[in-house]
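Hello,

Here is the structure I promised to pass on. Have a look at it first, and then read on for my notes on its strands.

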Amino acid sequence: IPDLATDVIVCGDLHGNLDNLRAIWKLADLDAHPERHLVLQEFVHGTARYPQGGCMSHRMLDLLSALKVRYPQRLHLVLGNHELSQWTGRKIAKDDVYFNDLFEEGVARAYGERSEEILEAYDHLFASMLLGVRLPSRVLVCHSIPEARHLATFDPMIFQRKGLSEEDLGKGSSVYQLVWGRDVREDTATKFAAMMDVDVLV
C-alpha cells in the first residue's frame, strides 16, 4: 500500500456472500475516497447453492474481476486456503461435502459449454492474487500465519516472487504453510511478525 493511502479497509470470510460484499463495497465507497484501499480475502466455497445443485460462490469471482479492472491499484485480493485448494485441485471438505466439486458443478451450471474456459480463467485470477499486503504503518495483512513448527523452514521471499511454480504451491510449501497455518499463539505471531519486519498482523 503506498504512503499516500489515507486508510485501508480489510475484510475476509466472504465465501461467496454477495450481500456481505455489497455492504463492504458501500462502506468502502472508493469513488468518494480516492486514497482509500480495500483488501479482501476468502472468496469461494460458500453455502449458497443453485436449486439444481452446485456452489454459487463463483459469482463473487466474476464481480471481483470486474471491480479489480475498475480499481486495479486500490482493490487488493489476498489468496486464502480455499482459493489455493481450488486452484491446485487439492480437495477440501467439511462434513463429507467436497467444496471443489460443488464449485465446479456451480460453474458448469452457470456457464455450460464454456465452463472449462471459465475455470481456467479463475485459475489465472487465483495466480494473480497477493499472498499479503504490507501497509506503510508496518502492518501485514495475510490469510493466516505458519504454525510454529514450520517457521524455521518458511521462506519470506515468497512475498517478493513473481510467478509461483507447482513446487511453491505444494503441500508443505511456504505458500501452503501461510494459508493453512492456524497457530495464532502470541509467541508464534511475534516470531512471524519479526521475520516479516512488521509490528502488527491482520
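In what order do the three strands of the open sheet lie, and is their pairing parallel or antiparallel? The order is β1-β2-β3, and the pairing is parallel. Please keep in mind that this is a predicted model. β1 (7-11) and β3 (75-78) each have a single partner strand and stand at the edges, so each has one side without a neighbour in the sheet. From one strand to the next, the twist averages 20 degrees.

If you zoom in on β1 and β2 (residues 36-41), you will find five bridges between them, in the parallel sense. One pair to look for is D7 with its bridge partner R36 in β2. Helix α1 (residues 18-28) packs on this sheet and touches β1, β2 and β3. The direction of α1 makes about 165 degrees with that of β2.

Further along the chain, β7 (residues 139-142) is worth a visit. Both of its faces are covered: V139 and V141 are buried on one side, L140 and C142 on the other. Strand β6 (residues 132-135) runs antiparallel to β7, joined by four bridges, and R134 stands opposite L140. The two strands form a hairpin with three residues between them. Check R138 in that turn, where phi is positive at about 65 degrees.

β7 also pairs with β8 (residues 200-201), this time in parallel and through two bridges. Here V139 stands opposite V200, and V139 is one of the buried residues mentioned above.

Enjoy exploring, and best wishes!

Key
Residues are numbered from 1 along each chain as its sequence is written. This is a predicted model: local features need pLDDT of at least 70, side-chain atom pairs count only at pLDDT 80 or more; totals for chains, interfaces and linings use all residues. Side-chain values use heavy atoms; hydrogens and water are left out. Two strands pair if DSSP finds at least two bridges between them. Axes are lines fitted to C-alpha atoms, for helices over the stretch in contact, and angles run from 0 to 180 degrees between N-to-C directions. Contact means heavy atoms within 4.5 Å. Buried means under 20% relative accessible area, exposed over 50%, partly exposed in between (1.4 Å probe, protein chains only).
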